[in-house]
Amino acid sequence: MERNPTTGIVNPKRKRHERKDVFPFESWTEIESVCAELDKRYRSIPIVAAGTGLRPEELFGLHRSDVDRDGKRIHVRRRFTQGMVKPASKTGAERFVPFGEKVLAALDSMTPRIDTPILFPAPRGGYIDLEKFRHREWAPALVAAGIAHRRVYDLRHTYASWALAMDVPPAKLALMMGTSIAQLEDTYHRFLKSDYQYGAAVDGYEIAATG
């Protein structure tokens with residue numbers, strides 16, 4: 001074939017009622033109860049995910065060198081998806097995400113492995129496979145903690161919904177999350193338009209004011 005017949009065909013956008021809803025965690029206490037049920041090698045993952053809003057494939061693609069402890073920010077340079085390491089974005093541009101003391105404490109609690117540069121390595125030192133992690137570690141930990149089912153991706157939704165509840169400007173939040181304002185408003189419309197408050201969940205939650 002001389003050309004790709006699919007060129008120029010745009011994938012149809014799902015209507016809002018056809019998309020999966022978001023189910024953020026209610027509080028850090030809920031998240032920490034899940035952490036307590038995970039293998040100690042993975043206990044920092046939910047804290048870092050909820051405290052930075054990284055996509056799972058970005059989280060599992062992190063290297064230790066991507067973490068700037070002094071500046072309290074994580075550089076998103078790559079993602080691990082479908083068994084492959086890819087640039088963080090289609091344009092190759094990287095972004096950074098600020099984090100607070102809770103994420104820093106979770107990172108400091110980890111014992112780094114000298115056999116791999118990966119921040120959250122699989123048992124043999126390679127990248128964590130999201131599907132295996134979800135079924136072998138994440139789902140059992142939720143059940144053991146007595147928490148209603150959440151997707152790993154809901155940790156990202158937690159970050160966004162808590163931030164919006166704290167009046168973080170959508171433009172700034174979209175920049176940190178690597179998405180568009182339109183997509184942010186479309187995904188989290190119910191948190192933007194309602195008076196829902198997270199109460200204790202927001203209390204002490206650190207969404208960086210700089211960055």
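This report walks through a predicted model, from its overall make-up to a small sheet, two unusual backbone angles and a cavity.

## Overall make-up

Let's start with the broad view. The protein contains nine helices and five strands. Read from the N terminus, the elements follow the order α-α-α-β-β-β-β-β-α-α-α-α-α-α. In other words, three helices come before the run of strands, and the other helices follow that run.

The chain has 211 residues, and 42% of them count as buried. The exposed surface of the protein comes to about 12,000 Å², with 53% supplied by carbon and sulfur atoms. As for how the chain meets itself, take the contacts with a separation of 6 or more: residues 24 or more positions apart account for 63% of these.

## The sheet of three strands

Next, the strands. Three of them form an open sheet in the order β1-β2-β5, with antiparallel pairing. Within this sheet β1 and β5 are the edge strands, each pairing on one side only. As general background, strands of a sheet pair through backbone hydrogen bonds, in either a parallel or an antiparallel way.

If you have the structure open, β2 is a handy place to begin, at residues 73–76. On one side, β2 is joined to β1 (residues 67–68) by two bridges. Here V67 has I74 of β2 as its bridge partner. On the other side, β2 pairs with β5 (residues 95–98) over four bridges, again in the antiparallel sense. Two residue pairs help to locate this second pairing: R73 stands opposite P98 of β5, and H75 has F96 of β5 as its bridge partner.

## Two residues with positive phi

Which backbone angle sets K72 apart as a residue other than glycine? Its phi is positive, near 50 degrees. For context, most residues other than glycine have a negative phi. K72 belongs to the hairpin of β1 and β2, which has four residues between its strands.

D167 also has a positive phi, in this case near 65 degrees. Its place is the loop between α6 and α7, the latter spanning residues 170–177.

The table puts the two residues side by side.

| Residue | Phi | Loop | Relative accessibility |
|---|---|---|---|
| K72 | near 50 degrees | between β1 and β2 | 26% |
| D167 | near 65 degrees | between α6 and α7 | 65% |

Are these residues buried or exposed? K72 has a relative accessible area of 26%, so this residue is classed as partly exposed. D167 reaches 65%, and therefore counts as exposed.

## The second largest cavity

Finally, a look inside. Rolling a probe the size of a water molecule over the atoms shows where empty space is left. The structure holds two cavities of 30 Å³ or more, and the second largest encloses about 30 Å³ of space.

Which residues line the second largest cavity? They are A49, L54, R55, P56, L59, V152, Y153, L155 and R156. By type, seven of the lining residues are nonpolar and two are charged, with no polar ones. Helices α3 (56–59) and α6 (154–165) each supply at least two residues of this lining. Helix α6 has thus come up twice: this helix contributes to the cavity lining, and the loop that holds D167 lies between α6 and α7.

Notes:
Residues are numbered from 1 along each chain as its sequence is written. This is a predicted model: local features need pLDDT of at least 70, side-chain atom pairs count only at pLDDT 80 or more; totals for chains, interfaces and linings use all residues. Side-chain values use heavy atoms; hydrogens and water are left out. Two strands pair if DSSP finds at least two bridges between them. Buried means under 20% relative accessible area, exposed over 50%, partly exposed in between (1.4 Å probe, protein chains only). Contact means heavy atoms within 4.5 Å. Accessible areas come from the Shrake-Rupley method with a 1.4 Å probe; for residues, only the protein chains shown count as cover. On a 1 Å grid over the protein atoms alone, a cavity is a set of points where a 1.4 Å probe fits but cannot get out, and a pocket is an open set with protein on both sides within 12 Å along at least five of seven lines; lining residues have an atom within 4 Å of a point. Grid points are joined across faces, edges and corners, and a volume is the space filled by probe spheres set on the points. Ala, Val, Leu, Ile, Met, Phe, Trp, Tyr, Cys and Pro count as nonpolar, Asp, Glu, Lys and Arg as charged, and the others, Gly among them, as polar.
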